Amino acid sequence: MNRAELIEIIRDRSHLKRKEIIACLEIWEEEVGKALLQEDSVMLMGFGTFSLWKQTGRPGRNPRCNTPFMIAARNSVKFKPGKFLLEYLNNAADPDDSNGQPANEE
């Protein structure tokens with residue numbers, strides 16, 4: 001699913017207009033970005049936690065000419081799924097199962 005598909009799903013399931021949904025998503029993205037820049041984690045109970053990950057610089061090698069170089073340090077984001085998201089993913093119906101019931105663990 002991409003951003004446009006998500007916007008359409010939200011529009012179909014709510015009374016909101018497309019422009020309102022886009023504005024909400026932009027605000028959410030901006031606020032999550034601000035929090036991560038301040039090294040705060042963003043926790044959505046049950047869904048998961050976004051946190052800043054500072055990747056250190058490290059040596060690398062150009063595969064074409066085999067010359068070494070330094071890969072610059074950078075900031076990235078880690079996501080740790082929450083309990084309810086993991087339960088949902090692990091108890092979802094098996095796509096190959098024709099009756100649509102959750103997969104049984106045996």
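Three aromatic pairs were found in a search of the whole structure, which is a predicted model. A pair of aromatic rings is described by the distance of the centres and the angle of the planes. The rings of Trp28 and Phe50 have centres 6.1 Å apart. Their planes stand at 75 degrees, over the 60 degrees required, so this pair is edge-to-face. The two residues come from distant parts of the chain, 22 residues apart. Trp28 belongs to helix H2, and Phe50 belongs to strand E2. Trp28 has a relative accessibility of 39% and is therefore partly exposed. Phe50, at 17%, falls under the 20% limit and so counts as buried.

Phe47 and Phe79 form another aromatic pair. Here the centres lie 5.6 Å apart, and the angle between the planes is 55 degrees. This geometry is classed as tilted. The pair also links distant parts of the chain, with the two positions 32 residues apart in numbering. Phe47 sits in the loop between E1 and E2, whereas Phe79 sits in strand E5. Phe47 is partly exposed, with a relative accessible area of 40%. Phe79 is partly exposed as well, at 35%. Through ring pairs, Trp28, Phe47, Phe50 and Phe79 are linked into a cluster.

The cluster draws on elements of a sheet and a helix. The sheet is open and has three strands, in the order E1-E2-E5. Pairing within the sheet is antiparallel. Strand E1 (42-44) and strand E5 (74-81) are the edge strands, and each pairs on one side only. From one strand to the next, the twist averages 25 degrees. Strand E2 covers residues 48-55 and is joined to E5 by eight bridges. E2 and E5 run antiparallel. Within this pairing, Phe50 stands opposite Phe79 in E5. Helix H2 (residues 18-37) lies across E1, E2 and E5. The helix runs at about 50 degrees to E2.

Two further residues of strand E2 were examined. Gly48 lies in this strand. With a relative accessible area of 3%, Gly48 is buried. Beyond residues up to four places away in sequence, Gly48 touches Val42, Met43, Phe79, Lys80, Pro81 and Gly82. Phe79, a member of the aromatic cluster, is thus among the residues that Gly48 touches. The C-alpha atoms of Gly48 and Gly82 are separated by 4.0 Å. Along the chain, these two glycines are 34 residues apart. Gln55 also lies in strand E2. Its relative accessibility is 13%, and Gln55 counts as buried. Leaving aside residues up to four places away in sequence, Gln55 touches Ala73 and Arg74.

Strands E3 and E4 form a hairpin, with six residues between them. Strand E3 spans residues 58-61, and strand E4 spans residues 68-71. Four bridges join these strands, which run antiparallel. One of the bridge partners is known by name: Gly60 is matched with Phe69 in E4. In the turn, Asn66 has a positive phi of about 65 degrees.

A disulfide is a covalent bond between the sulfur atoms of two cysteines. A search of the whole structure finds zero disulfides. Cys24 has a relative accessible area of 48% and is partly exposed. Cys65 is also partly exposed, at 47% relative accessibility.

The overall make-up of the protein is as follows. Three helices and five strands are present. From the N terminus on, the elements run α-α-β-β-β-β-β-α. The protein has 106 residues, and buried residues make up 14% of them. Among contacts with a separation of 6 or more, 27% involve residues 24 or more positions apart. The exposed area is about 9100 Å². Carbon and sulfur atoms supply 55% of this area.

Conventions. Residues numbered from 1 in each chain as written. Predicted model: local features only at pLDDT ≥ 70, side-chain atom pairs only at ≥ 80, totals over all residues. Heavy atoms only, no water. Pairing = 2+ DSSP bridges. Axes fitted to C-alpha atoms, helices over the stretch in contact; angles between N-to-C directions. Contact = heavy atoms within 4.5 Å. Buried < 20%, exposed > 50% of the residue type's maximum accessible area, 1.4 Å probe, protein only. Areas by Shrake-Rupley, 256 points an atom, 1.4 Å probe, with all protein chains shown as cover. Disulfide = S-S within 2.5 Å. Phe/Tyr/Trp six-rings, centres within 6.5 Å; stacked < 30°, edge-to-face > 60°.
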